Amino acid sequence: MIIDHLQRTYEELSSSQYPVFIWGAGSMSMEVSSRLEEHGITVCGKFITTAADRSHIVSSADRIFTLDEIKETYEKINVVAGHGHYEKIDELKSCACIHNVYVIPTPYLQYKSPDLEYIYRNQDKLAYIFSQLVDEKSQTALERYLAVNLTNDIRYLLEADICVDGMYGFEALAISDSENFVDVGAWEGDSIHSFLRSAGHKYDKIHAFEPDPTIFQTLKHNYGDKENVVLYQLGLGEQNAKLTISHGNTQSACLTASSAEPEADAIIITTLDEALADEPVSLIKISIPFMFTDVIKGGAALICKNRPRMIINVGADDRFSLYETVKWISELDVPYKLALRFDFPMPTRLFLYAYPAEQSDEN
């Protein structure tokens, strides 16, 4: 029998005598709050454990507490993690005022993962993925990804050595100080910041794509004046098109064929091949919901010509596109090695790493 730990979480929180607080105040905390409210669970507030200027805080009329402030009022509280760094839970549990810490592994409703029926009916596809992965850690990462999505038990990701230190932390990438880097889904520039830190703040050129017009302005403010950084207010796909952007209320905006949102923004979609036809490319990071396979298909010529290393977020999906992605890369004329890792222990943070076979695969 498969136990649904998420249902158990809701039942325990509903029956507990202790008030519920969300740990974190960023975009994910808003989704966690919505899931709790849907189950009739009252949230008394949100708190952070780092300085406000070092915390991701979404603008809100709600007061954001510190843990010390909560201690002054409450003897015991229940906590639901409102951020994805679940590896930090044990630190919080040591606090005397914490009764228990709970996790909703994937609070975003738009993301879907393989269910038991899919696994049963697609053993051949799963076996193919396993056969293409370069190491045992990658196979373990996939096994744990499937397990946590079936059970909602986050311990599957916490108890295995399948996480790297940030998305650029996979050693086989061998980030250098002369990269021609393409950031697909650059958001406000957080992934550029992480890349620069990994590259020692040295690079040849950065191409950053962000389709959301509002977010693009923030990206432009952060990196528009930086030397050899080119910003594109464009979406990328398999072919030229126009889509609309669905924002929801979180950082996980996504492109769709249509939108029920009033005055939804129309987004121009082009391809990597068209946008960067004459550009040298050494490293591509793709972190956009649902469309990552389309992006690499639209960059087939660029990929075959440049043989870039690729970092692809395959966990943020509304279906299980990992098989299609692995198969497409494996059938390229350019031989690639493929690995799976999480950059932190959250189901939607599963990354596929692809690097030319002649590179060392030490990790």
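Trainee: Which helix gives the largest share of the lining of the second largest pocket?

Mentor: In this predicted model, that share comes from α1, which contributes 4 residues. Other elements take part as well: α4 (89-93), β5 and α8 (155-158), like α1, each supply at least two lining residues.

Trainee: How is such a pocket found, and how much space lies in the second largest one?

Mentor: As a general idea, a probe the size of a water molecule is rolled over the atoms, and this shows where empty space is left. Here, the second largest pocket holds about 450 Å³ of space.

Trainee: Which residues lie nearest its centre, and how does the lining divide by character?

Mentor: The lining of the second largest pocket comprises 19 residues, and V101, V103, D153, I154 and R155 are the ones nearest the centre. By character, the lining has 8 nonpolar, 4 polar and 7 charged residues.

Trainee: In what order do the strands of the sheet lie?

Mentor: The sheet is open, has 5 strands paired in parallel, and follows the order β3-β2-β1-β4-β5. At its edges are β3 (64-66) and β5 (98-102), each of which pairs on one side only. From one strand to the next, the twist averages 35 degrees.

Trainee: Where do helices α1 and α2 pack?

Mentor: Helix α1 (residues 5-15) packs on the sheet and touches β1, β4 and β5, with its direction at about 150 degrees to that of β5. Helix α2 (residues 27-38) also packs on the sheet, touching β1, β2 (43-48) and β4; its direction makes about 155 degrees with that of β1.

Terms used. Residues numbered from 1 in each chain as written. Predicted model: local features only at pLDDT ≥ 70, side-chain atom pairs only at ≥ 80, totals over all residues. Heavy atoms only, no water. Pairing = 2+ DSSP bridges. Axes fitted to C-alpha atoms, helices over the stretch in contact; angles between N-to-C directions. Contact = heavy atoms within 4.5 Å. 1 Å grid on protein atoms, 1.4 Å probe; cavity = no way out; pocket = protein on both sides within 12 Å on 5 of 7 lines; lining within 4 Å. Points joined across faces, edges and corners; volume = space filled by probe spheres on them. Nonpolar A, V, L, I, M, F, W, Y, C, P; charged D, E, K, R; others polar.
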